[in-house]
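This report describes one protein model, working from its charged pairs to its interior and then to its surface.

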Amino acid sequence: MTIERVRRWLVVIALAVLVLLGAVFGYARYRAHRFLTRLPKQLGIDVTSETNGFTWSQSVKGKTLFTIHAAKAIQRHDGKTTLHDVVIILYGRTVDEQHKERTDRIYGNEFEYDQPNGVIRAVGEVHIDLQAPGATDPHAAVAAARRAGSQDESQEHDVIHVRTSGLVFLQKLGVAATDEPLDFHANGVDGDARGADYDSDTGVLILRKDVKLRSTRPGSESATVFANRAELDRLQHKAVFNVAHFQSPERNLTADNVFLDLRDNGSPQHARAEGHVVMIGQDGSRVETPHAETNLSENNQPQFLKMIDGVRYTSETAASESRAVQVKFNKFGRAETADLSGSVRGNETSVVEKRSVSADHVNLHFSSVGKGPASLREIKATGAAQVTTTPLATPKGSGPASTVLSADTLVADLDGEGKLAHITHLTGEGHTAMEQTLADGGLRKSTSDHLDAHLSAPSKVLPANAGPKKPAKQEIPLESAVQTGNVVILDRQMPAPAKKPKSSSAATAATESHATAARAEFDGPTDRVVLTGSPRIDSGGTNIVADRIGLNRSTGDADATGNVKGSYASEPGRDPMHVLAASAEFHHAASSASFFGVNGGNARLWQGSSMVEAPVIDLDQKTQTLHAHTDHIDAKNTVHTSLLNQVSSGPPKASATVKPRPANGGVTRIVASDLLYRGDLPQPTAVFSGGARVQNGDGIIVSDVVTATMKPAADKTTPQAGAMMAGAVDHIVAEGAVHLQQTGRSGTGSRLTYDVAEGDYVLSGTPDAPPHVTDAQHGQVTGASLLFHAGDDSVVIVAAPGKRVRAETRVKR
């Protein structure tokens with residue numbers, strides 16, 4: 001074979017190889033293209049196209065609603081687009097919509113965009129930057145991201161940053177929502193919740209449930225808020241919490257709903273709580289009301305609190321109820337004033353006493369030092385106001401068990417801290433009353449137009465374990481008081497306990513005394529009251545009037561000065577007994593009284609036609625005695641007495657030689673230095689001593705001692721209560737240096753018995769000094785006893801014992 005032929009075969013073979021290689025490579029490209037075309041479907045990949053730098057905006061009437069930015073967009077066969085490194089900017093309304101608009105930002109690593117249905121769904125974690133209420137920069141959310149240069153959470157004050165997952169954005173509605181847990185941070189407030197809804201147009205953010213907020217703003221009070229649901233309206237600067245629970249170091253609050261008005265910086269400036277509102281203070285105090293609202297400082301401290309439709313307050317030591325309450329606070333959140341209105345009722349317990357107050361309206365004033373606790377310093381109660389204090393330690397005997405002060409308006413000043421807090425001063429205006437219930441069941445009550453009272457302070461030294469279960473002793477809460485204007489006083493005293501049990505029928509009843517005056521001054525330690533301004537006391541049938549009356553309310557003793565007038569009631573059918581004096585003393589337990597004259601004057605006592613005048617008159621109703629005397633040893637003849645004469649029960653004595661004596665229905669007047677009257681005898685007697693002078697229509701008797709025996713009215717032979725000097729003189733016995741003076745006749749002896757009703761006299765003497773009767777015309781008659789009658793001139797002479805001598809002498813007048 002020639003070389004040329006070989007060359008041709010080599011060329012043909014080479015061409016054939018080239019054709020074969022071309023066919024092989026073409027087939028391979030076909031197979032590779034077909035494999036790559038089928039591979040996404042075989043692997044479950046639905047990709048139509050990929051785009052870097054994806055941006056989408058939606059506008060309505062020339063206004064952009066939102067813009068979507070993504071670093072990469074992958075279009076899928078199912079019509080959805082997968083977006084990576086996504087930022088969604090939402091444009092919403094603001095209050096001043098003509099000048100600016102609000103921008104919010106949603107961003108995350110991956111989103112699924114269903115453009116036909118307008119749904120954007122976040123895959124994995126997503127972040128939301130919302131413009132905070134009052135933000136100065138309407139594009140703060142976008143600006144924060146630019147400054148941060150990343151997707152880190154913004155710490156800007158103008159931004160609310162939210163972190164969550166499972167977010168779905170409905171572009172047609174402009175609403176973003178999630179069912180997953182979320183947390184957020186905004187201007188010193190951290191929080192979390194489960195589930196949220198966000199409206200990009202209105203800017204309203206709703207936290208669906210399990211809401212928890214924590215305040216971490218520097219310089220403000222730390223606080224935590226729990227709620228079942230929360231809603232933030234950034235456009236109106238409002239927030240709503242449903243079934244809310246607010247906690248802080250100093251107070252807790254729960255309510256069905258809490259509505260907040262926010263400042264521009266997002267802090268609450270006004271809060272309103274509705275439904276089952278309960279506030280619990282740092283000290284455990286509790287306030288319950290249906291409705292409450294408060295103004296808050298920038299440091300979250302209350303400035304004003306208003307509660308209506310029923311308010312109840314309770315604490316360890318106090319409780320109150322009212323229809324409405326308004327409280328003002330200082331800059332530290334401590335109460336300064338509180339106004340309670342509508343059927344106010346309150347009580348408080350200290351270590352020594354219980355205090356309660358009731359009124360239509362009560363105003364409270366507090367004081368505090370710095371951030372220290374507020375202390376109640378003044379209570380002003382108006383409208384049927386009443387303040388009651390009760391010692392925790394029950395006093396013995398007649399000590400006050402409780403003190404009630406009431407008036408149209410009461411103002412109480414308080415002092416002391418903690419266990420020693422107590423009322424020190426109280427004033428009342430209009431229909432004032434002061435009432436003390438005593439431990440033994442007694443009662444002291446006084447009413448007036450005005451009241452000014454000082455209450456005693458508890459002991460500064462108290463037992464370490466003193467408290468309601470072991471109270472400190474504090475028996476006399478009333479230190480002093482002054483009541484003026486139409487003063488009326490009632491004192492009810494219980495009888496002293498008997499040493500031996502008595503039957504109920506023999507039990508002594510309580511005694512009551514009533515007093516009136518223009519002014520009453522009370523002294524607690526001495527338990528004494530002084531009455532002035534036409535004072536009057538009525539007690540057990542005894543009435544006393546004077547310029548000034550002092551009364552010991554524990555003992556019932558009294559003293560009166562200036563124009564004293566007294567009246568003692570007698571039994572029915574008898575005249576009352578009256579007394580006039582310059583001053584007087586009354587002793588309740590002894591049922592006695594002493595009446596005094598002044599500057600040489602006499603006290604005067606009278607009953608019916610009987611009368612006694614003396615410098616001093618002592619009455620003892622219990623023993624039915626009267627003692628009239630002088631307060632000077634050398635004073636003589638200072639007791640002046642007038643006694644009604646007993647009238648004869650039969651016809652006047654008369655004979656052919658004796659002229660009839662008219663019935664002696666006049667009075668007998670006796671002057672002496674001393675008088676002792678005893679009404680406890682069957683026939684009361686009056687003994688006049690220190691030299692006595694008796695004068696009536698029958699003559700004059702002078703002797704050392706005179707005893708007048710009374711015959712009770714209606715022939716009663718038992719002593720009668722209130723019957724001092726009652727009845728008439730039945731007979732008189734004069735003893736010691738007796739001198740008798742009648743018209744035309746005189747006599748002397750050592751004893752004279754005078755029957756006042758019959759006008760009969762018996763004059764006797766001693767063997768050494770027999771009686772004598774002298775007649776101016778016929779001389780002198782003597783004997784052991786001389787009997788004569790006031791109606792005639794006859795004298796019967798009785799001889800001494802053993803001698804039968806009897807003489808009769810007639811003297812012509």
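Arg 214 has a relative accessible area of 27% and counts as partly exposed. In this predicted model, Arg 214 forms a salt bridge with Asp 192, with the closest N and O atoms 3.3 Å apart. Asp 192 belongs to strand β9 (residues 189-199) and Arg 214 to strand β10 (residues 204-215), so the pair ties together parts that are 22 residues apart in sequence. Asp 192 is likewise partly exposed, at 27% relative accessible area.

The structure holds 21 salt bridges. Side chains of opposite charge can pair when their charged atoms come close. Among the bridges are the three in the table.

| Salt bridge | Closest N and O atoms |
|---|---|
| Asp 192 and Arg 214 | 3.3 Å |
| Lys 80 and Glu 112 | 3.8 Å |
| Arg 519 and Glu 521 | 2.8 Å |

Lys 80 forms its bridge with Glu 112. Lys 80 lies in strand β3 (residues 80-92) and Glu 112 in strand β4, so this pair ties together parts that are 32 residues apart in sequence. Lys 80 is partly exposed at a relative accessible area of 25%, and Glu 112 is partly exposed at 21%. Both residues are linked with Arg 76 in a network of salt bridges. In the pair of Arg 519 and Glu 521, Arg 519 is partly exposed with a relative accessible area of 33%, and Glu 521 is partly exposed with 35%.

Strand β4, which spans residues 102-114, also contains Ile 106. Is Ile 106 buried or exposed? Its relative accessibility is 0%, so Ile 106 counts as buried. Beyond residues up to four places away in sequence, Ile 106 touches Val 86, Val 87, Ile 88, Leu 90, Phe 111, Val 126, His 127, Ile 128, Leu 167 and Ala 176. Ile 106 and Ile 68 are 38 residues apart in sequence, and their C-alpha atoms are 9.3 Å apart in space.

Thr 289 is a polar case. It sits in strand β16 (residues 286-296) and is buried, with a relative accessible area of 4%. A polar atom of the Thr 289 side chain lies 3.2 Å from the backbone oxygen of His 291. Apart from neighbours within four places in sequence, Thr 289 is in contact with His 276, Val 277, Met 307, Ile 308, Gly 310 and Val 311.

In soluble globular proteins, nonpolar side chains tend to be buried together. Here the largest nonpolar core has 145 residues, and those with the most contacts inside it are Phe 241, Phe 595 and Phe 688. With residues up to four places away in sequence not counted, the residues touched by Phe 595 include Tyr 568, Val 579, Phe 586, Pro 615, Ile 617 and Leu 619.

At the surface, Val 762, Leu 787 and Val 798 make a nonpolar patch of about 180 Å². Leu 787 lies in strand β52 (residues 785-789) and is partly exposed, with a relative accessible area of 33%.

For the protein as a whole, the secondary structure comes to 2 helices and 54 strands. Of its 813 residues, 44% count as buried. The exposed area is about 40,500 Å², of which carbon and sulfur atoms supply 55%. Among contacts between residues at least 6 apart in sequence, 49% join residues at least 24 apart.

Key: Residues numbered from 1 in each chain as written. Predicted model: local features only at pLDDT ≥ 70, side-chain atom pairs only at ≥ 80, totals over all residues. Heavy atoms only, no water. Patch = residues over 30% accessible without salt bridge, like charges linked within 9 Å, V, L, I, M, F, W, Y side chains within 5 Å. Areas by Shrake-Rupley, 256 points an atom, 1.4 Å probe, with all protein chains shown as cover. Salt bridge = Lys/Arg side-chain N within 4 Å of Asp/Glu carboxyl O. Buried < 20%, exposed > 50% of the residue type's maximum accessible area, 1.4 Å probe, protein only. Core = buried A, V, L, I, M, F, W, Y, C linked by side-chain atoms within 4.5 Å. Contact = heavy atoms within 4.5 Å. Polar contact = N/O pair within 3.5 Å; in protein donor to acceptor, adjacent residues only side chain to side chain.
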